[in-house]
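Colleague: I should like to learn how to read the features of a protein model. Might we work through a few of them together?

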Amino acid sequence: MTDVLSGGSRCVVRYQGGSNAGHTIINSYGKFALHLLPSGVFHPEVLNIIGPGVALNIMQLLQELDALAKRGVTQPRLMISERTQVVMPYHILFDELEESRLGDRKFGSTKQGIAPFYADKYAKLGIQVADLFDEARVRARVSASLEAKQVLLKHLYNHPALEVDVIVRELMLQAEAIRPFVGNTSLVLQEVLADGGEILIEGQLGALRDPDHGIYPYSTSSSTLAGFGAVGAGLPASSIKRVIAVTKSYSSCVGEGPFVTELSGEAADQLRQRGGADGEYGVKTGRPRRVGWFDAVATRYGCTIQGATAVALTNLDVLGYLDEILVCMAYDIQGMQTQQFPASCQLEQAVPVYRIFPGWKCDISGIRTFAELPEAAQYYVTELEAALGVSIDWVSVGPEREQLIKRIRES
(Lines give C-alpha, C1' and ligand atoms only; values in the text may rest on other atoms or scores of the structure.)
Protein backbone atom coordinates (compact mmCIF):
# COMPACT_ATOMS: atom_id res chain seq x y z
CA MET A 1 0.00 0.00 0.00
CA THR A 2 2.75 2.46 0.87
CA ASP A 3 4.50 1.67 -2.40
CA VAL A 4 1.35 2.34 -4.43
CA LEU A 5 0.30 5.46 -2.53
CA SER A 6 3.80 6.96 -2.53
CA GLY A 7 3.65 7.29 -6.31
CA GLY A 8 1.06 10.05 -5.95
CA SER A 9 2.78 11.84 -3.07
CA ARG A 10 5.27 14.70 -2.91
CA CYS A 11 6.80 13.36 0.30
CA VAL A 12 6.84 10.01 2.11
CA VAL A 13 7.72 10.20 5.81
CA ARG A 14 8.74 7.55 8.32
CA TYR A 15 7.56 8.77 11.71
CA GLN A 16 8.43 6.12 14.33
CA GLY A 17 10.28 2.90 15.03
CA GLY A 18 13.56 1.84 13.56
CA SER A 19 15.10 -1.08 11.72
CA ASN A 20 13.20 -3.61 13.85
CA ALA A 21 10.59 -4.32 11.15
CA GLY A 22 10.37 -4.16 7.41
CA HIS A 23 8.21 -3.78 4.33
CA THR A 24 8.54 -6.09 1.35
CA ILE A 25 8.09 -4.24 -1.94
CA ILE A 26 7.96 -5.85 -5.39
CA ASN A 27 8.29 -3.66 -8.48
CA SER A 28 10.05 -3.49 -11.84
CA TYR A 29 13.44 -3.44 -10.10
CA GLY A 30 12.69 -6.70 -8.26
CA LYS A 31 11.88 -7.53 -4.64
CA PHE A 32 13.16 -5.38 -1.78
CA ALA A 33 12.95 -5.40 2.01
CA LEU A 34 13.02 -1.87 3.44
CA HIS A 35 13.66 -1.37 7.14
CA LEU A 36 14.42 2.35 7.52
CA LEU A 37 14.04 3.93 4.11
CA PRO A 38 10.55 5.25 3.32
CA SER A 39 8.65 3.41 0.58
CA GLY A 40 8.87 6.33 -1.82
CA VAL A 41 12.51 5.56 -2.68
CA PHE A 42 11.49 3.83 -5.91
CA HIS A 43 9.91 7.04 -7.23
CA PRO A 44 12.70 9.48 -8.22
CA GLU A 45 10.45 12.53 -7.89
CA VAL A 46 9.38 11.76 -4.30
CA LEU A 47 11.16 13.31 -1.32
CA ASN A 48 11.70 10.63 1.34
CA ILE A 49 11.96 11.91 4.91
CA ILE A 50 13.10 10.24 8.11
CA GLY A 51 11.27 12.14 10.81
CA PRO A 52 12.31 13.06 14.36
CA GLY A 53 10.30 10.19 15.85
CA VAL A 54 12.44 7.52 14.17
CA ALA A 55 15.17 5.42 15.81
CA LEU A 56 17.93 5.91 13.25
CA ASN A 57 20.46 3.12 12.81
CA ILE A 58 22.89 4.93 10.50
CA MET A 59 24.78 1.85 9.32
CA GLN A 60 21.50 0.09 8.46
CA LEU A 61 20.38 3.15 6.48
CA LEU A 62 23.65 3.33 4.53
CA GLN A 63 23.48 -0.39 3.76
CA GLU A 64 19.95 -0.01 2.39
CA LEU A 65 20.99 2.88 0.17
CA ASP A 66 23.96 0.89 -1.09
CA ALA A 67 21.74 -2.13 -1.81
CA LEU A 68 19.40 0.03 -3.93
CA ALA A 69 22.30 1.46 -5.92
CA LYS A 70 23.76 -1.99 -6.62
CA ARG A 71 20.44 -3.08 -8.12
CA GLY A 72 20.12 -0.11 -10.44
CA VAL A 73 17.62 1.98 -8.49
CA THR A 74 18.01 5.70 -9.12
CA GLN A 75 19.49 7.42 -6.06
CA PRO A 76 16.45 8.50 -4.05
CA ARG A 77 15.80 11.97 -2.75
CA LEU A 78 16.35 11.57 0.98
CA MET A 79 16.24 13.95 3.94
CA ILE A 80 16.90 13.18 7.59
CA SER A 81 15.55 15.40 10.35
CA GLU A 82 18.28 17.06 12.35
CA ARG A 83 16.18 16.18 15.42
CA THR A 84 16.10 12.42 14.70
CA GLN A 85 17.92 10.45 17.38
CA VAL A 86 20.56 7.82 16.69
CA VAL A 87 20.56 4.13 17.65
CA MET A 88 23.90 3.56 19.35
CA PRO A 89 25.91 0.30 19.33
CA TYR A 90 25.32 -0.01 23.07
CA HIS A 91 21.55 0.07 22.51
CA ILE A 92 21.85 -3.02 20.32
CA LEU A 93 24.23 -4.66 22.79
CA PHE A 94 21.90 -4.11 25.75
CA ASP A 95 18.93 -5.39 23.74
CA GLU A 96 20.78 -8.63 23.02
CA LEU A 97 22.07 -9.04 26.57
CA GLU A 98 18.71 -8.41 28.22
CA GLU A 99 16.78 -10.72 25.91
CA SER A 100 19.32 -13.43 26.66
CA ARG A 101 19.09 -12.79 30.41
CA LEU A 102 15.29 -13.02 30.37
CA GLY A 103 15.32 -16.47 28.79
CA ASP A 104 11.80 -17.91 28.80
CA ARG A 105 10.44 -14.51 29.92
CA LYS A 106 11.70 -12.74 26.79
CA PHE A 107 9.44 -10.41 24.78
CA GLY A 108 10.54 -11.58 21.32
CA SER A 109 12.74 -8.57 20.60
CA THR A 110 14.31 -8.28 17.14
CA LYS A 111 17.49 -7.19 18.98
CA GLN A 112 17.85 -3.97 17.00
CA GLY A 113 18.27 -1.84 20.14
CA ILE A 114 14.81 -0.28 19.97
CA ALA A 115 13.72 -0.54 23.63
CA PRO A 116 17.10 0.67 25.02
CA PHE A 117 17.09 3.47 22.41
CA TYR A 118 13.68 4.80 23.47
CA ALA A 119 14.57 4.31 27.15
CA ASP A 120 17.55 6.62 26.62
CA LYS A 121 15.48 9.05 24.56
CA TYR A 122 12.98 9.59 27.35
CA ALA A 123 15.68 9.54 30.04
CA LYS A 124 17.21 12.47 28.09
CA LEU A 125 20.35 10.52 27.28
CA GLY A 126 19.81 10.32 23.53
CA ILE A 127 21.94 11.78 20.76
CA GLN A 128 20.30 13.79 17.98
CA VAL A 129 21.61 13.80 14.43
CA ALA A 130 22.44 17.50 14.81
CA ASP A 131 24.75 16.61 17.72
CA LEU A 132 26.92 14.44 15.47
CA PHE A 133 28.67 17.41 13.89
CA ASP A 134 30.15 18.57 17.23
CA GLU A 135 32.65 15.97 18.43
CA ALA A 136 33.02 17.43 21.91
CA ARG A 137 29.24 17.38 22.38
CA VAL A 138 29.02 13.79 21.14
CA ARG A 139 31.77 12.68 23.51
CA ALA A 140 30.01 14.32 26.47
CA ARG A 141 26.64 12.77 25.51
CA VAL A 142 28.11 9.29 25.06
CA SER A 143 30.02 9.52 28.35
CA ALA A 144 26.88 10.60 30.22
CA SER A 145 24.85 7.76 28.72
CA LEU A 146 27.48 5.16 29.61
CA GLU A 147 27.92 6.12 33.27
CA ALA A 148 25.18 3.81 34.53
CA LYS A 149 25.47 1.34 31.67
CA GLN A 150 29.09 0.44 32.50
CA VAL A 151 27.95 -0.60 35.99
CA LEU A 152 25.22 -2.81 34.52
CA LEU A 153 27.60 -4.35 32.03
CA LYS A 154 29.99 -5.36 34.80
CA HIS A 155 27.65 -6.42 37.58
CA LEU A 156 24.49 -7.61 35.78
CA TYR A 157 25.74 -8.95 32.46
CA ASN A 158 29.39 -9.80 33.25
CA HIS A 159 30.44 -7.97 30.08
CA PRO A 160 33.57 -5.86 29.45
CA ALA A 161 33.28 -2.07 29.67
CA LEU A 162 32.76 -0.07 26.48
CA GLU A 163 35.34 2.40 25.18
CA VAL A 164 34.05 5.92 24.58
CA ASP A 165 36.81 6.74 22.08
CA VAL A 166 35.90 3.81 19.83
CA ILE A 167 32.23 4.75 19.81
CA VAL A 168 32.88 8.44 19.13
CA ARG A 169 35.34 7.70 16.32
CA GLU A 170 32.80 5.52 14.53
CA LEU A 171 30.05 8.11 15.00
CA MET A 172 32.19 10.81 13.41
CA LEU A 173 32.59 8.66 10.29
CA GLN A 174 28.87 7.97 10.15
CA ALA A 175 28.10 11.66 10.57
CA GLU A 176 30.09 12.56 7.46
CA ALA A 177 28.32 9.83 5.47
CA ILE A 178 24.85 11.27 6.20
CA ARG A 179 25.76 14.97 6.29
CA PRO A 180 24.34 15.67 2.77
CA PHE A 181 20.91 14.39 3.84
CA VAL A 182 20.46 16.27 7.13
CA GLY A 183 18.21 19.29 7.49
CA ASN A 184 15.08 20.88 8.93
CA THR A 185 12.47 18.45 7.63
CA SER A 186 9.58 20.09 9.49
CA LEU A 187 10.18 23.31 7.56
CA VAL A 188 10.17 21.41 4.26
CA LEU A 189 6.95 19.60 5.13
CA GLN A 190 5.25 22.86 6.12
CA GLU A 191 6.17 24.29 2.72
CA VAL A 192 4.72 21.25 0.94
CA LEU A 193 1.51 21.59 2.97
CA ALA A 194 1.23 25.27 2.14
CA ASP A 195 1.62 24.41 -1.53
CA GLY A 196 -1.18 21.82 -1.36
CA GLY A 197 1.15 18.86 -1.87
CA GLU A 198 0.24 15.31 -0.85
CA ILE A 199 2.24 13.84 2.04
CA LEU A 200 2.20 10.14 2.93
CA ILE A 201 3.10 9.31 6.54
CA GLU A 202 4.21 5.70 6.70
CA GLY A 203 3.65 3.53 9.75
CA GLN A 204 5.89 0.66 10.74
CA LEU A 205 3.96 -1.72 13.02
CA GLY A 206 0.30 -2.41 13.76
CA ALA A 207 -2.00 -0.84 16.32
CA LEU A 208 -1.67 -3.78 18.73
CA ARG A 209 2.07 -3.11 19.06
CA ASP A 210 1.40 0.36 20.46
CA PRO A 211 2.78 0.65 24.04
CA ASP A 212 -0.31 2.49 25.32
CA HIS A 213 -3.17 0.87 23.40
CA GLY A 214 -1.68 -2.45 22.28
CA ILE A 215 -0.91 -5.81 23.89
CA TYR A 216 1.37 -4.56 26.66
CA PRO A 217 4.11 -5.54 27.51
CA TYR A 218 4.40 -7.35 24.16
CA SER A 219 4.56 -4.06 22.32
CA THR A 220 7.14 -1.92 20.60
CA SER A 221 8.63 1.12 22.33
CA SER A 222 7.11 4.01 20.37
CA SER A 223 3.54 4.81 19.39
CA THR A 224 2.43 3.06 16.21
CA LEU A 225 -0.83 5.03 15.94
CA ALA A 226 -1.82 7.61 13.35
CA GLY A 227 -2.35 10.06 16.20
CA PHE A 228 1.41 10.02 16.80
CA GLY A 229 2.11 10.35 13.09
CA ALA A 230 1.97 14.13 13.15
CA VAL A 231 4.32 14.32 16.14
CA GLY A 232 6.84 11.80 14.81
CA ALA A 233 6.84 13.34 11.35
CA GLY A 234 6.91 16.98 12.45
CA LEU A 235 3.50 18.08 11.16
CA PRO A 236 0.46 19.74 12.74
CA ALA A 237 -2.16 17.22 13.88
CA SER A 238 -4.82 18.92 11.74
CA SER A 239 -2.87 18.11 8.56
CA ILE A 240 -3.80 14.41 8.62
CA LYS A 241 -6.99 13.99 6.60
CA ARG A 242 -7.01 10.28 5.73
CA VAL A 243 -5.97 7.23 7.76
CA ILE A 244 -5.72 3.95 5.86
CA ALA A 245 -5.57 0.82 8.00
CA VAL A 246 -3.82 -2.11 6.31
CA THR A 247 -4.84 -5.58 7.45
CA LYS A 248 -4.38 -9.06 6.07
CA SER A 249 -7.32 -11.31 5.28
CA TYR A 250 -6.04 -13.53 8.10
CA SER A 251 -3.89 -12.80 11.17
CA SER A 252 -0.13 -12.97 11.62
CA CYS A 253 2.52 -11.65 13.95
CA VAL A 254 6.16 -11.98 14.98
CA GLY A 255 6.97 -12.01 18.67
CA GLU A 256 5.52 -13.14 21.96
CA GLY A 257 2.18 -12.42 23.63
CA PRO A 258 -1.45 -13.58 23.50
CA PHE A 259 -2.83 -14.41 20.03
CA VAL A 260 -6.51 -15.36 20.31
CA THR A 261 -7.02 -16.90 16.84
CA GLU A 262 -3.61 -18.56 16.50
CA LEU A 263 -3.39 -21.79 14.52
CA SER A 264 -0.91 -24.57 15.20
CA GLY A 265 0.37 -27.72 13.56
CA GLU A 266 -0.38 -28.52 9.94
CA ALA A 267 -3.09 -25.85 9.62
CA ALA A 268 -0.59 -23.16 10.62
CA ASP A 269 2.14 -24.56 8.38
CA GLN A 270 -0.14 -24.54 5.32
CA LEU A 271 -1.21 -20.93 5.87
CA ARG A 272 2.33 -19.79 6.67
CA GLN A 273 3.79 -21.37 3.53
CA ARG A 274 1.17 -19.74 1.28
CA GLY A 275 1.16 -16.30 2.91
CA GLY A 276 2.90 -13.18 1.65
CA ALA A 277 5.45 -12.93 -1.14
CA ASP A 278 7.63 -15.72 0.29
CA GLY A 279 5.48 -17.16 3.04
CA GLU A 280 4.87 -15.73 6.50
CA TYR A 281 8.38 -15.08 7.74
CA GLY A 282 9.60 -11.89 9.40
CA VAL A 283 11.15 -9.42 6.93
CA LYS A 284 13.76 -8.40 9.51
CA THR A 285 14.38 -11.61 11.43
CA GLY A 286 13.37 -14.38 9.05
CA ARG A 287 11.50 -15.95 11.97
CA PRO A 288 8.36 -17.91 11.09
CA ARG A 289 5.35 -15.70 11.80
CA ARG A 290 2.60 -16.93 14.05
CA VAL A 291 -0.58 -17.17 11.97
CA GLY A 292 -4.30 -17.49 12.61
CA TRP A 293 -7.81 -16.67 11.45
CA PHE A 294 -8.99 -13.11 10.90
CA ASP A 295 -9.83 -11.46 14.23
CA ALA A 296 -12.66 -8.96 13.72
CA VAL A 297 -12.59 -7.93 17.39
CA ALA A 298 -8.92 -6.95 17.36
CA THR A 299 -9.04 -5.43 13.87
CA ARG A 300 -12.12 -3.33 14.61
CA TYR A 301 -10.40 -2.07 17.76
CA GLY A 302 -7.27 -1.23 15.76
CA CYS A 303 -9.31 0.67 13.16
CA THR A 304 -11.09 2.59 15.92
CA ILE A 305 -8.01 3.76 17.81
CA GLN A 306 -6.26 4.59 14.54
CA GLY A 307 -9.25 6.64 13.41
CA ALA A 308 -9.22 4.70 10.14
CA THR A 309 -11.14 6.32 7.29
CA ALA A 310 -10.58 3.32 4.99
CA VAL A 311 -9.18 -0.22 5.07
CA ALA A 312 -6.90 -2.08 2.67
CA LEU A 313 -7.46 -5.84 2.92
CA THR A 314 -4.39 -7.70 1.67
CA ASN A 315 -3.46 -11.30 0.84
CA LEU A 316 -6.99 -12.38 -0.07
CA ASP A 317 -5.52 -14.78 -2.64
CA VAL A 318 -3.77 -16.74 0.13
CA LEU A 319 -7.08 -18.18 1.37
CA GLY A 320 -7.99 -19.77 -1.97
CA TYR A 321 -7.00 -23.29 -0.85
CA LEU A 322 -9.55 -23.49 1.99
CA ASP A 323 -12.96 -25.21 1.96
CA GLU A 324 -14.04 -23.12 4.95
CA ILE A 325 -12.68 -19.91 6.44
CA LEU A 326 -13.18 -18.97 10.07
CA VAL A 327 -13.50 -15.42 11.38
CA CYS A 328 -13.44 -14.50 15.06
CA MET A 329 -16.49 -12.30 15.67
CA ALA A 330 -16.37 -12.17 19.50
CA TYR A 331 -14.39 -13.33 22.53
CA ASP A 332 -15.56 -15.60 25.31
CA ILE A 333 -13.90 -14.53 28.57
CA GLN A 334 -14.79 -16.71 31.54
CA GLY A 335 -18.21 -17.53 30.09
CA MET A 336 -19.08 -13.98 29.02
CA GLN A 337 -19.10 -13.01 25.34
CA THR A 338 -17.79 -9.63 24.27
CA GLN A 339 -17.00 -7.81 21.03
CA GLN A 340 -14.79 -5.30 22.87
CA PHE A 341 -11.02 -5.77 22.77
CA PRO A 342 -9.84 -6.17 26.38
CA ALA A 343 -6.69 -5.26 28.29
CA SER A 344 -3.85 -7.78 28.16
CA CYS A 345 -4.65 -9.55 31.43
CA GLN A 346 -8.13 -10.43 30.12
CA LEU A 347 -6.95 -11.07 26.58
CA GLU A 348 -4.85 -13.97 27.85
CA GLN A 349 -8.11 -15.66 28.93
CA ALA A 350 -10.05 -14.97 25.72
CA VAL A 351 -11.44 -17.83 23.62
CA PRO A 352 -12.48 -17.01 20.03
CA VAL A 353 -16.12 -17.19 18.95
CA TYR A 354 -16.03 -18.07 15.28
CA ARG A 355 -18.28 -17.62 12.27
CA ILE A 356 -17.68 -19.98 9.34
CA PHE A 357 -17.51 -18.67 5.77
CA PRO A 358 -17.43 -20.77 2.59
CA GLY A 359 -14.14 -20.81 0.69
CA TRP A 360 -13.86 -20.06 -3.02
CA LYS A 361 -11.39 -22.84 -3.81
CA CYS A 362 -9.65 -21.22 -6.78
CA ASP A 363 -6.73 -19.00 -7.75
CA ILE A 364 -7.78 -15.32 -7.79
CA SER A 365 -4.32 -13.79 -8.23
CA GLY A 366 -5.02 -12.86 -11.88
CA ILE A 367 -8.27 -11.00 -11.16
CA ARG A 368 -8.15 -7.21 -11.47
CA THR A 369 -11.66 -6.02 -10.53
CA PHE A 370 -13.75 -6.67 -7.46
CA ALA A 371 -16.77 -7.70 -9.56
CA GLU A 372 -14.74 -10.52 -11.12
CA LEU A 373 -13.93 -12.11 -7.78
CA PRO A 374 -15.81 -15.31 -6.92
CA GLU A 375 -19.08 -14.69 -5.09
CA ALA A 376 -17.72 -16.33 -1.93
CA ALA A 377 -14.67 -14.02 -1.95
CA GLN A 378 -16.83 -10.93 -2.44
CA TYR A 379 -19.09 -12.09 0.39
CA TYR A 380 -16.08 -12.57 2.68
CA VAL A 381 -14.88 -9.02 2.01
CA THR A 382 -18.28 -7.37 2.45
CA GLU A 383 -18.95 -9.23 5.69
CA LEU A 384 -15.56 -8.24 7.09
CA GLU A 385 -16.35 -4.66 6.11
CA ALA A 386 -19.62 -4.82 8.04
CA ALA A 387 -17.84 -6.30 11.07
CA LEU A 388 -15.17 -3.57 11.04
CA GLY A 389 -17.53 -0.67 10.43
CA VAL A 390 -14.99 0.90 8.04
CA SER A 391 -15.04 0.86 4.26
CA ILE A 392 -12.68 -1.68 2.64
CA ASP A 393 -11.53 0.38 -0.33
CA TRP A 394 -8.68 -1.84 -1.53
CA VAL A 395 -8.28 -5.61 -1.82
CA SER A 396 -5.00 -7.22 -2.82
CA VAL A 397 -4.75 -10.59 -4.56
CA GLY A 398 -0.95 -10.73 -4.59
CA PRO A 399 2.19 -8.79 -3.63
CA GLU A 400 2.70 -6.79 -6.83
CA ARG A 401 1.39 -3.30 -7.60
CA GLU A 402 -1.02 -4.43 -10.32
CA GLN A 403 -2.55 -7.00 -7.96
CA LEU A 404 -4.12 -4.29 -5.82
CA ILE A 405 -7.83 -3.90 -6.61
CA LYS A 406 -9.45 -0.51 -5.96
CA ARG A 407 -13.11 -1.07 -5.23
CA ILE A 408 -15.46 1.03 -7.36
CA ARG A 409 -18.74 1.73 -5.61
CA GLU A 410 -22.11 2.40 -7.10
CA SER A 411 -23.25 5.98 -6.56
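Modeller: Let us begin with the term helix: here a helix is a DSSP run of at least four residues, and helices are numbered from the N terminus. The model before us is predicted. In it, S145 lies in helix α5, which spans residues 135-155.

Colleague: Is S145 buried or exposed?

Modeller: A residue counts as buried when its relative accessible area is under 20%. S145 has a relative accessible area of 1%, and therefore it is buried.

Colleague: Which residues does S145 touch, apart from its neighbours within four places in sequence?

Modeller: Those residues are Y90, D120 and L125. With D120 there is also a polar contact between the side chains, at 3.0 Å.

Colleague: How does one describe the way in which α5 and α6 cross?

Modeller: One considers the angle between the two axes, and angles that are neither roughly parallel, roughly antiparallel nor roughly perpendicular count as oblique. Helix α6 covers residues 164-178; its axis and that of α5 come within 10 Å and cross at roughly 135°. The pair is therefore oblique. The crossing of α5 over α6 is right-handed. Among the residues that make the contact are V138, V142 and L146 of α5, together with I167, V168 and L171 of α6.

Colleague: How many residues of helix α10 are buried?

Modeller: Eight of the 11 residues in α10 (residues 296-306) are buried, so that the helix is mostly covered. They include A296, R300 and Q306. The buried residues of α10 pack against α8, β10, β13, β14, β15 and α12.

Colleague: What is found at the two ends of α10?

Modeller: At its start, a side-chain oxygen of D295 comes to within 3.0 Å of the backbone nitrogen of V297. After the helix comes G307, with a positive phi near 70°.

Colleague: Two of those partners, β10 and β14, are strands. In what order do the strands of their sheet stand?

Modeller: A sheet is read by following which strands pair, and two strands pair if there are at least two bridges between them. This open sheet has four strands in the order β10-β14-β18-β19, with mixed pairing. Its edge strands are β10 (244-248) and β19 (404-406), each of which pairs on one side only. From one strand to the next, the twist averages 20°. Strands β10 and β14 (residues 310-314) run parallel and are joined by five bridges. K248 stands opposite T314 of β14.

Colleague: Which helix packs on this sheet?

Modeller: Helix α12, residues 375-388, does so, touching β14 and β18. The direction of α12 makes about 140° with that of β18.

Methods: Residues numbered from 1 in each chain as written. Predicted model: local features only at pLDDT ≥ 70, side-chain atom pairs only at ≥ 80, totals over all residues. Heavy atoms only, no water. Axes fitted to C-alpha atoms, helices over the stretch in contact; angles between N-to-C directions. Contact = heavy atoms within 4.5 Å. Buried < 20%, exposed > 50% of the residue type's maximum accessible area, 1.4 Å probe, protein only. Polar contact = N/O pair within 3.5 Å; in protein donor to acceptor, adjacent residues only side chain to side chain. Parallel < 35°, antiparallel > 145°, perpendicular 65-115°, else oblique. Left-handed = near helix turned anticlockwise from the far one by under 90°.
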